[in-house]
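Let's take a walk through a protein fold together. Have the picture open and turn it as you read.

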Amino acid sequence: MRIGRVIFWLNEVTSTMDIAHQLAHQGFPHGTIIIARKQRKGRGRNNRAWISPVGGLWLSLILRPEKNSNLNLLPIVFAIAVHNTLIEYIENCWIKWPNDVYVNDKKIAGILSETRFTGSSLDHIVVGIGVNINNETKRFLQDEAVSLIELLKHRVSIASFFEKLLRNMSKYYITYLKSPKSIVDEFNKRTQMINQIVKVIYLDKVLSGISLGINDHGELIINTTEGSLHVAYPDNILKVLF
């Protein structure tokens with residue numbers, strides 16, 4: 001089933017991620033999307049709060065991949081889809097590994113992936129996407145985030161943005177299924193992290209070196225004085241500084 005054949009448009013929820021997991025457990029199909037005008041308890045990676053007022057695009061997507069391979073690429077697949085949509089509106093946006101889209105040095109979108117298993121078998125994956133469109137960020141996150149309305153100085157149709165995003169999600173998910181290597185190439189073309197010094201805060205360690213992009217498993221490759229490190233997309237990576 002294609003992405004977006006089943007879509008729930010809701011007014012206000014705690015989190016679209018939670019609703020997506022509930023619907024997945026009830027048997028709703030691959031490609032089901034939940035969109036909310038407002039989230040009271042939106043979350044990012046490591047259960048960080050994601051401020052989600054009216055004006056942004058807040059959605060979650062149920063995926064039921066037939067294979068368990070290359071799952072670490074999924075956040076990158078949808079980051080590419082978001083990026084490809086945003087570049088129709090603005091320049092200077094890029095993907096920051098593992099799951100954010102930035103304009104210059106401020107975050108405009110984030111992607112979250114949560115996997116659920118039944119025993120050792122993959123049950124479903126929920127991918128959450130948040131894009132700052134017509135919402136104000138200055139009051140809460142002026143030094144960290146930005147929205148389209150703040151960049152363009154005019155409102156953007158959320159429905160139109162979503163239509164474009166839906167096409168891009170379908171396009172790049174199909175690309176991922178056919179050729180995961182193409183997703184790796186797309187990321188490496190759309191990031192500003194190549195040949196830059198990065199620091200990855202991991203538990204009580206700080207890993208530092210030159211970023212070489214990602215490999216076929218979605219791992220960030222960092223060239224350090226001690227050799228090459230391959231950092232996976234994990235729940236316990238606290239922060240990537242660059």
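Here is a tour that goes from the whole chain to its sheet, its helices and one residue.

First, some ground rules: this is a predicted model, where local features need pLDDT of at least 70, side-chain atom pairs count only at pLDDT 80 or more, and totals for chains, interfaces and linings use all residues. Residues are numbered from 1 along each chain as its sequence is written, and side-chain values use heavy atoms, with hydrogens and water left out.

The chain has six helices and 12 strands. Both are DSSP runs numbered from the N terminus, with at least four residues for a helix (H or I) and at least two for a strand (E). Of the 242 residues, 52% are buried, where buried means under 20% relative accessible area, exposed over 50%, and partly exposed in between (1.4 Å probe, protein chains only).

Now find the open sheet of seven strands, which has mixed pairing and the order E1-E2-E3-E7-E6-E5-E4. Two strands pair if DSSP finds at least two bridges between them. At the edges you'll spot E1 (7-13) and E4 (93-96); each has a single partner strand, so one side of each is left without a neighbour in the sheet. Inside the sheet, E6 (residues 106-118) and E7 (residues 121-131) pair in the antiparallel sense over 10 bridges. One of the matched pairs is Phe117 with Leu122 in E7.

Helix H1 (residues 16-25) packs on this sheet, touching E1, E2, E3, E6 and E7. Touching here is contact, that is, heavy atoms within 4.5 Å.

Next, look at helices H5 (residues 158-178) and H6, whose axes come within 5 Å and cross at roughly 125°. Axes are lines fitted to C-alpha atoms, for helices over the stretch in contact, and angles run from 0 to 180 degrees between N-to-C directions. How do we name such a crossing? Angles under 35 degrees count as roughly parallel, over 145 as roughly antiparallel, 65 to 115 as roughly perpendicular and the rest as oblique, so H5 and H6 are oblique to each other. Tyr172 and Tyr176 are among the H5 residues that meet H6, whose side includes Ile183 and Arg190.

Follow the chain past H6 (180-190) and you reach Ile194, in the loop before strand E8 (197-202). Is Ile194 buried or exposed? Ile194 is partly exposed, because its relative accessible area is 28%. Beyond its neighbours within four places in sequence, Ile194 is in contact with Asn188, Ser211, Leu212 and Gly213.
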